[in-house]
Amino acid sequence: MSTTTAVKPMTEHSAEEIERVKNWINSEEYKEKNFAREALVINPAHACQPLGAQMVAHGFEGSLPFIHGSQGCASYFRSTFSRHFREPASATSDAMTEDGAVFGGQNNLFEGLENAYALYKPAIIPVFTTCMPEVIGDDLNAFITNAKNKGHIPADLPTPYANTPSFNGTHINGYDSMLKAMLEYLTEGKKNEAGANGTLNLIPGFDGNTGNLREYKKYLDAMAIPYTMLADISDVFDSVCDGTYRMYSGGTPLAAAADSINAQATVSLMKYSTLNTMKSVEANFIGVTKTLPLPMGIRRTDEFLIALSELFDKPIPAELKAERGRAVDAMTDAHQYIHGKKFAVAGDPDYLLGIVSFLLEMGAIPYHILCSRSNKKFKKEMEALLATSPLYGAQGTVYVNKDLWHMRSLCMTDPVDAIIGDTHAKWVARDAKIPLFRVGFPIMDRVNLHRSPVIGYQGAVNLLTMIVNKFLDTVDETCEDQWFEMMR
Ligand code: SF4
């Protein structure tokens, strides 16, 4: 740490005292105090509910996400998406302030909706909330109905809405609530009593990796399965740069979303970010519903493709079998460099299960596994996954509702070789002097990782290439002269 700073210290401490505390926070004694902490969260590996809702709202054609709440919250969501994707995140807010907090936010919503519609001519305005209107109990349904009755927006403008109080849950719950609300709104009265339409609804879940979404599409095209990807952000946040600004680019076509109720099957690839959505789909949609694990690594990708093959009675094409074979070959070639290495992993439940599954396939040891907001169900599922590998998985410990400051204590007192997580984990990596492999959301400090798939066979190759080459770089950078070899 630099000894000069532009900020004047509030209190002065001797160099010895600073050194003592620096060492103490790496100790077992400090770890115990850190894990006894109850009333404070430090650097959690999650975002808040409305951010997840906004991701869904962006994923539909001509959609303008509308945040009922504070401008500061809206700026946080937009800037997080813009920093991660390096694309604009066009969303609007009714900027509630103190008077809204006292008298309710209905007037803000009226004015905001009227301006948003007049200026940006969206095809749909999904509305969701920040903490403030949730605390005061704003009635979104009544407010939006009143806005239409008073002529602030056309009566036929689609306006699905979700309550997304951030003091309860995280971005994955906001994603779930908004997606459920949008599907229920858009499919209302659209059920075709004549039967299913032969398509697949694919729900990727809260995934900030547009490369993953493109990979799913590649598989479906290869298998000739007609599909609708629901909340498809791939062209929204990975749009072309050709000199023309498009306010609305990509997204699930609204007509296809409306017809999703008639699909032959609906498959979700993230259980924990689509729990309520899938319950609603199960109750209301015509076709089969299935929730599959995020297809990271060979086994889970196989499971995904076999499920598609069975659901649509289509063979798995030779090109995908060949891709699998190449991935297995790449994993075998790289196995020796990752085998037995210990990893700390932090992130969302679905991603964590995928990453741990991949690490076990590589003979690595998922050692500290941390989810900063989850439940016993997830913990049990992760422990069951670890138990499938008595040699490598049995060494792992799962921590739920702990943050990255807890993870720092774990990595300082019981070291690992690397950490896998989003950009928030870089402080742990720096203090523990280990590499951070950036997987998840958000990734704000490296380029293009959101375009590089981590799911599927190609994703397995990408992950192991990133991990193993970094380990080899470290060997080259730190070895003594006599061990500096041409070949590794
Ligand atoms: S936690 Fe609440 S107050 Fe904070 S950014 Fe999220 S919605 Fe806004």
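This is a short exchange about the ligand shell, the nonpolar cores and the cavity of a predicted model.

Q: Which residues surround the ligand?
A: The ligand has Cys48, Pro50, Cys73, Tyr76, Thr130, Cys131 and Ser166 around it.

Q: And how do the residues of that shell divide by nonpolar, polar and charged?
A: Five residues of the shell around the ligand are nonpolar and two are polar, with no charged residue.

Q: Turning to the interior, how many residues has the largest nonpolar core?
A: That core has 125 residues, and Phe343, Met382 and Met407 have the most contacts inside it. Helix 19, residues 456–478, gives the largest share of this core, with nine residues.

Q: What is Met407 in contact with, leaving aside its neighbours within four places in sequence?
A: With those neighbours left out, the contacts of Met407 are Ala344, Val345, Ala346, His368, Leu370, Ile419 and Val428.

Q: Which residues does the second, separate core include?
A: Leu113, Val127, Phe143 and Ile144 are among the 14 residues of the second core.

Q: How many cavities of 30 Å³ or more does the structure hold?
A: The structure holds one such cavity. The volume of the largest cavity is about 50 Å³.

Q: What lines the largest cavity?
A: Its lining consists of Ala45, His46, Thr170, His171, Ile172, Gly347, Asp348, Pro349, Cys371, Ser372 and Arg373.

Q: How does the lining of the largest cavity divide?
A: Four residues of that lining are nonpolar, five are polar and two are charged. The shell around the ligand, by contrast, has no charged residue.

Definitions and conventions: Residues numbered from 1 in each chain as written. Predicted model: local features only at pLDDT ≥ 70, side-chain atom pairs only at ≥ 80, totals over all residues. Heavy atoms only, no water. Near = heavy atom within 4 Å. Nonpolar A, V, L, I, M, F, W, Y, C, P; charged D, E, K, R; others polar. Core = buried A, V, L, I, M, F, W, Y, C linked by side-chain atoms within 4.5 Å. Buried < 20%, exposed > 50% of the residue type's maximum accessible area, 1.4 Å probe, protein only. Helix = DSSP H or I, 4+ residues; strand = E, 2+ residues; numbered from the N terminus. Contact = heavy atoms within 4.5 Å. 1 Å grid on protein atoms, 1.4 Å probe; cavity = no way out; pocket = protein on both sides within 12 Å on 5 of 7 lines; lining within 4 Å. Points joined across faces, edges and corners; volume = space filled by probe spheres on them.
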